[in-house]
Amino acid sequence: MTSDTPPPPGAPLAEALAAGTVVLDGGMSNQLESAGHDLSDELWSARLLAERPEAITEAHLAYFEAGANVAITSSYQATFEGFGQRGIPREEAARLLALSVELARDAARQARDKGVARPLWVAASVGPYGAMLADGSEYRGRYGLGVEELERFHRPRLEVLAAAAPDVLALETVPDADEAEALLRAVRGLGVPAWLSYTVDGARTRAGQPLDEAFALAADADEVIAVGVNCCAPEDVDAAVQTAARVTGKPVVVYPNSGEAWDARARAWNGRSTFTPEQVLGWRESGARLIGGCCRVGPEAVASIARTLGAS
């Protein structure tokens, strides 16, 4: 992290955010793909929890060595329903969810063994309902489900992930304010802090709600230590950071994509990268305290982010 007064070892992430800027990791999937792993499966990187867990640890380690303070677990697309469709029983699915946290912890231990002395944290990824559908609907929202139905979907895996003792729950890539409301209900009483991060299109959620209304849902949620955006175009970040900070008064989390566009039907990225490390300085000035990258942002870019924040 970058701060004049870094927190002591073992300090909560919320304390670190109050003290300075914390560097997030980058995309798990692109790091796994760059290592030669095939993710053309509906379980995406979650499949490797069962088949190649050591590959996930290696991906986390690459980001810690690059300069990240926070590793986001490989549980984004890991759900009881998704595993069940592959014939994986509920007990084994729960083990795999908990394993995602354990693998990130192991990567942190390995990083320390390699001389990384800065604070390291683990964020347990909780992707949206649409991620389980694996049809691109996490970029649309509006699934036809009510808040109570979505809460019932999210709560069981949140309970398992919270029991695995991550430092924070990452309620991420949320396309819809209704789903955000469900997630905020579902995290109550779990005893683990959370951040809430929308995927956005301009000044609105992917489902079309104004961001000031969407962020306001988390303003009085004691469990939420940061709000912001991820898995969006870098160009959409500036205004979103300002809105999140103004509406909630909380630290802002930001980790956009590279700027390329995802084609869900072709399962491929198109276009060119528009993400530059220099952008993070403006985001920090506007209130961002937890900064990294999402899809197509790898260890090299995270290293640049860390250097840029540390040098300013």
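**Entry 1: L17**

I started at L17 and listed what it touches: V22, I225, A226, P251, R289 and L290, leaving out residues up to four places away in sequence. Before going on, a reminder to myself that this is a predicted model. L17 sits in helix 1, residues 13–19. Is L17 buried or exposed? I get a relative accessible area of 3%, so L17 goes down as buried. I also checked how far L17 is from A177, which is 160 residues away along the chain: their C-alpha atoms are separated by 25 Å.

Two of the contacts on my L17 list, V22 and L290, turned up again when I looked at strand pairing. V22 has L290 in strand 12 as its bridge partner. Strand 1 and strand 12 run parallel and are joined by two bridges.

**Entry 2: the sheet**

Next I wanted the strand order. I find an open sheet of eight strands, paired in parallel, in the order 1-12-9-8-5-4-3-2. Which strands stand at the edges? They are strand 1 (22–23) and strand 2 (70–72); each has a single partner strand, so one side of each has no neighbour in the sheet.

Then I went to strand 4, residues 168–174. Seven of its seven residues are buried, so I noted strand 4 as largely enclosed by the rest of the structure. I looked at its partners on both sides. Strand 3 (residues 121–126) runs parallel to strand 4, and four bridges join them; V126 pairs with L171 there. Strand 5 (residues 194–198) is also parallel to strand 4, again with four bridges. In that pairing I found V174 opposite Y198.

How does the chain get from strand 4 to strand 5? I traced the path through helix 9 (residues 177–186), and the three elements make a right-handed β-α-β unit. Helix 8 was worth a look too: it lies across strand 3 and strand 4, and runs at about 165° to strand 3.

While on strand 3 I checked W121, which belongs to that strand. W121 is buried, at 3% relative accessible area. I also paired W121 with N69: they are 52 residues apart in sequence, yet 6.1 Å apart in space, C-alpha to C-alpha.

**Entry 3: the cores**

I turned to nonpolar packing. In soluble globular proteins, nonpolar side chains tend to be buried together. Which residues touch the most other members of the largest nonpolar core? Of its 77 residues, they are L158, L169, L171, L196 and Y198. Helix 6 (residues 90–113) contributes the most to this core, with ten residues. I also noted a second, separate core of 21 residues; L17, A123, C294 and C295 are among its members.

I went back to Y198 for its contacts. Leaving aside neighbours within four places in sequence, Y198 contacts V174, D176, A177, A180, T205, A214, F215, L217, G228, V229 and N230. So V174 is on this list as well as standing opposite Y198 in the strand pairing.

**Entry 4: cysteines**

I searched the whole structure for disulfides and found zero. How far is the C231 sulfur from the closest cysteine sulfur? The closest is in C295, at 4.0 Å, which is too far for a bond. C231 is buried, with 2% relative accessibility. C232 is in no disulfide either; its nearest cysteine sulfur belongs to C231 and is 7.7 Å away. C232 counts as buried too, at 1%.

**Entry 5: positive phi**

Last, I checked the backbone. Most residues other than glycine have a negative phi. I wrote down two arginines with positive values. R142 has a phi near 55°, and I found R142 in the loop between helix 7 (129–133) and helix 8 (147–163). R296 has a phi near 70°. Where is R296 found? It is in the loop between strand 12 (288–291) and helix 13 (299–311). I noted R296 as partly exposed, with a relative accessible area of 38%.

Technical notes
Residues numbered from 1 in each chain as written. Predicted model: local features only at pLDDT ≥ 70, side-chain atom pairs only at ≥ 80, totals over all residues. Heavy atoms only, no water. Buried < 20%, exposed > 50% of the residue type's maximum accessible area, 1.4 Å probe, protein only. Pairing = 2+ DSSP bridges. Right-handed = clockwise from strand over helix to strand, strands pointing away. Contact = heavy atoms within 4.5 Å. Axes fitted to C-alpha atoms, helices over the stretch in contact; angles between N-to-C directions. Core = buried A, V, L, I, M, F, W, Y, C linked by side-chain atoms within 4.5 Å. Disulfide = S-S within 2.5 Å.
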